[in-house]
Amino acid sequence: MIPMVDLNAQFEEIRDEVMKEIEGVLQSSRYILGEKVRGLEERLALYHGVRAAIGVASGTDALNLSLKALGLKEGDEVITTPFSFFATVEAILYQGAHPVFADIDPRTLNIDPVSIEEKITPRTRAVLPVHLFGLPADMTRIREIADRHNLMIIEDCAQAFGATFGGRKVGSFGDTGCFSFYPSKNLGAFGDGGAIVTDNRDIEEEIRSLRNHGSSGGYIHEMIGMNSRLDEIQAAVLLVKLKRIDRYNEFRRQKARFYTGELSEYVLCPVEPQESLHVYHQYTIRTPERDRIREALAKEGISSVVYYPLPLHLQKALRYLGWNEGDFPVAEKASREVLSLPIYPEIGESSIERVCDTIKRLFAGN
């Protein structure tokens, strides 16, 4: 079997250091918002070149808390992509705000800045771009549009830890940048976890209070918050991995180059615009032969996943909002063609060759 990701392979390399750090947390008896969380927050802020980072319980909470701290309320509109994980739109709806979709760029699969501008109304308060699969959205154009229309930006960086656009880390362009530490992410914990980065002191203080039941301490509650605190064990694990993240990402980039060299004659491979550094959380090809390729790979014991088989505007849970098939044709076409292949830092060249040979044999058979 060739899995989509092999978390055990990464663990074996760092086992001793991770177990030592976890044991240290257990011996400290400090499990919530302790030294490890503070240390991780400092390192994350430094890594992204921003004022502050705030550890939270998940990437979904990072989005939710960001929108709440920025004052989104019922009736406000937030422009985002229909081609993303469901949490992107959930966070908007949690605030009672209205998601407004803008179609995607057919090359990058990220939100199309031209489409963003077409969707702006007097009720628009924010733009929520997603750096899909590890490729940064066009933040120069999105920032320019947001500044011209006085809009806030919340970056969904869940799949793009360490990616850069124009030499800057994703997450540092918006009012907030939101990260997920789900185990399979480029920087993954041993459970759920997330973080928010920001350069704004007021937003930082608001989120720190919101994540802790609306309290800055001493059982005094200034607002209605929630329980969304990154725990010490996850922070300890992430500190170990953070030291290695650039190396992990470079390994992913090497594997991606190998895939592209082998497959570009047969399928549409991921693009990497000149100003972008892609970190390949997923290596996602596009082809009308998607389902036949997936079936051929499965017969060879090779995993593959469709991210995403149905755009957000066509999801049953959002049907009440009134979108229809044909509203976002580029995203709909992508959902019929995308297929993500196994990629992770430790995957061997022989495994990638097996994947590519299986795909090439299928086309040779045609």
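Student: How much space lies in the largest pocket of this structure?

Tutor: About 530 Å³ of space lies in the largest pocket; the model from which this value is computed is a predicted one.

Student: What makes a residue part of the lining of the largest pocket, and which residues lie nearest its centre?

Tutor: A lining residue has an atom within 4 Å of a point of the pocket. The lining of the largest pocket comprises 28 residues, and Phe85, Gln159, Tyr182, Lys185 and His281 lie nearest the centre. Two or more residues each come from helix 3 (59–69), helix 4 (87–94) and strand 8 (176–180). Helix 3 gives the most, with three residues.

Student: How does the lining of the largest pocket divide by residue class?

Tutor: The lining of the largest pocket has 14 nonpolar, 10 polar and four charged residues.

Student: What makes a space a cavity, and how many cavities of 30 Å³ or more are there?

Tutor: In a cavity a 1.4 Å probe fits but cannot get out. By this rule there is one cavity of 30 Å³ or more. About 60 Å³ of space lies in the largest cavity. Its lining includes Val5, Asp6, Leu7 and Gln10, together with Pro183, Ser184, Lys185 and Asn186. Arg252, Tyr344, Pro345 and Glu346 also line the largest cavity. By class, these residues are five nonpolar, three polar and four charged.

Student: How do you know that the structure holds zero disulfides, taking Cys157 as an example?

Tutor: A disulfide requires two cysteine sulfur atoms within 2.5 Å. For Cys157, the nearest cysteine sulfur is that of Cys178, 6.9 Å away, and Cys157 is in no disulfide.

Student: Why is Cys269 without a bond to Cys356?

Tutor: The closest cysteine sulfur to that of Cys269 is in Cys356, and because the two are 8.5 Å apart, they are too far for a bond.

Student: Why are Cys157 and Cys269 each called buried or exposed?

Tutor: Buried means under 20% relative accessible area. Cys157 has 0% relative accessibility, so Cys157 counts as buried. Cys269 has 16%, and therefore Cys269 counts as buried.

Student: What makes strand 5 mostly covered?

Tutor: Strand 5 (residues 152–156) has five residues, and five of these are buried. Met152, Ile154 and Asp156 point one way, whereas Ile153 and Glu155 point the other way. This follows a general pattern: in a regular strand the side chains alternate between the two faces of the sheet.

Student: How do you know that strand 5 pairs with strand 4 and with strand 8?

Tutor: Pairing requires at least two bridges between two strands. Strand 4 (residues 124–128) and strand 5 have two bridges, in the parallel sense, and Ala126 has Met152 of strand 5 as its bridge partner. From strand 4 the chain passes through helix 6 (residues 139–148) to strand 5 in a right-handed β-α-β crossover. Strand 5 and strand 8 pair over three bridges, also in the parallel sense; Glu155 stands opposite Gly177 in strand 8.

Student: Why do strand 7 and strand 12 stand at the edges of their sheet?

Tutor: This is an open sheet of three strands, with antiparallel pairing and the order 7-6-12. Strand 7 (168–169) and strand 12 (276–277) each have a single partner strand, so one side of each is left without a neighbour in the sheet. Strand 6 (residues 164–165) pairs with strand 12 over two bridges in the antiparallel sense, and Phe165 stands opposite Ser276 in strand 12.

Notes:
Residues are numbered from 1 along each chain as its sequence is written. This is a predicted model: local features need pLDDT of at least 70, side-chain atom pairs count only at pLDDT 80 or more; totals for chains, interfaces and linings use all residues. Side-chain values use heavy atoms; hydrogens and water are left out. Buried means under 20% relative accessible area, exposed over 50%, partly exposed in between (1.4 Å probe, protein chains only). On a 1 Å grid over the protein atoms alone, a cavity is a set of points where a 1.4 Å probe fits but cannot get out, and a pocket is an open set with protein on both sides within 12 Å along at least five of seven lines; lining residues have an atom within 4 Å of a point. Grid points are joined across faces, edges and corners, and a volume is the space filled by probe spheres set on the points. Helices (H or I, at least four residues) and strands (E, at least two) are DSSP runs, numbered from the N terminus. Ala, Val, Leu, Ile, Met, Phe, Trp, Tyr, Cys and Pro count as nonpolar, Asp, Glu, Lys and Arg as charged, and the others, Gly among them, as polar. A crossover is right-handed if, with the strands pointing away from the viewer, the path from the first strand over the helix to the second runs clockwise.
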